[in-house]
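Reader: I should be grateful for a close look at one part of this model, namely the stretch in which the predictor places little confidence. Please set that stretch in the context of the remaining chain.

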Amino acid sequence: MLILKILNKYKISIFIVILTFFLLGYFITDYFYNANCAHYVYKFKTETDNIEIFKDADEYKKIFTFIDEQNKLADQDNSIKKISYANIDYEAMLKKSTIFENDGIVELSVQKKFFPSIASSKTGTNQGQNRVKNYFNLVFSYLDSSMEFQEVNLLKNQNPFVIGGISAGVSIFIFIFAIGIICSTKKVEWNENIEDNTSIFKSIFHLNYWKSSISFVNNVRSLCTISILFSFMLLCKLIPIPSGFGSLGIGFTYLFFATICLIYGPICGLFIGFCSDVIGFFIHPSNVFFFGYTLDAMLSGFIYGICFYKKRITFANCLIARFFVNIFVNVGLGSLWWKILYRLNFDAYLAYMGLTSLPKNVLYLLPQSILLFLVLKALSKPLANFGLIDKKISENVGLF
């Protein structure tokens, strides 16, 4: 059957699709649903009749103003102990919180997103429930000396592994159903002879492939074209877009990077990756230069090269390229460089990778892959008309 042929030929791509949907389900559940719907319930006893004072933002402001003043004095006098506290937007937190009394126990409910687990270079992972306890124990000690802490519970928190598994299962069903519809409603020919190791290569393990990929250094036209595309890459570095995951941002540099590698191959990708990181450092001198990040850029270019150069332009190849760049380069190596730069312990390294780097790269994996495929598909015919890629490549663009 044609469906079985497709499933067998593209089993690696299908596996990445399934894994991507699992990770998307996991992180959307944990970082969007749980962050907004799950909540901590902080329980305590008090002799105060007016429990609404524990939700008064003005009182919080007075307390933290006083603590900040004490900390300034502590900087000048070593006998005064500094007080550290979580930097929470207490006005936004209290606006969404609820408080009520139940059998003599006061329960204050706050959204999970205000107290996520965080990474610390000294203590490793600091769990959200522990942060809630320390934060309100500090605040309430100023509001009410009779306050007696009871416990902190996390409610309405969904298991992200279960939702991720459901998401992966749904993706399998949709994929097979879509392939079945396509095969039954239109005549689809399975052409095994599109790739001929001349214009389109079946494998990178071919001598002519690497001879062709190094030829750009002897061609003035190629060097001029690379320079133009490289300048667009650098311009993209000047337009930072916040991602919502710490200092990690979103950019469109990879679109020009992938286009260069599509035309000129993995060797050029290594060279452009090196130049991009080194020159990018001089464009943004406030950034820390570290050769590990230069290696990341070079590996990304190499991955784009082997996925696109002298290959059919397919969504599967775009997804595979972004998967290896996002997961192995950005998350795996990027988190390791972060650990080395800031001398973090192993727990803090895992927390940064799992709580900041991995969610961002997984959530943007599918959108980035779709955008990359659409851009390369749109550019394929113009690039072929200018003689930058073979016409057979522009004529054989597809999902798989």
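Author: In this predicted model, residues 243-249 have pLDDT under 50 throughout, and the model gives them 16 contacts beyond four places in sequence. Where pLDDT is low, the predicted coordinates should not be read in detail. For the chain as a whole, the mean pLDDT is 80, and 84% of the residues reach 70 or more.

Other parts of the chain can be described at the level of individual residues. Asn159 is found in the loop that runs between β6 (148-155) and α6 (160-185). With a relative accessible area of 39%, Asn159 is partly exposed, because this value falls between the 20% and 50% limits. A polar atom of the Asn159 side chain lies 2.9 Å from the backbone nitrogen of Phe161. Asn159 and Asp30 are 129 residues apart along the chain, yet 7.9 Å separates their C-alpha atoms.

The cysteines form a further topic. Across the whole structure, a search finds zero disulfides. For Cys268, the closest cysteine sulfur belongs to Cys261 and lies 6.4 Å away, which is too far for a bond because a disulfide requires the two sulfur atoms to be within 2.5 Å. Cys268 has a relative accessible area of 0% and is therefore buried. Cys37, by contrast, has a relative accessibility of 33% and so counts as partly exposed.

Technical notes:
Residues numbered from 1 in each chain as written. Heavy atoms only, no water. pLDDT = per-residue confidence, 0-100. Contact = heavy atoms within 4.5 Å. Buried < 20%, exposed > 50% of the residue type's maximum accessible area, 1.4 Å probe, protein only. Helix = DSSP H or I, 4+ residues; strand = E, 2+ residues; numbered from the N terminus. Polar contact = N/O pair within 3.5 Å; in protein donor to acceptor, adjacent residues only side chain to side chain.
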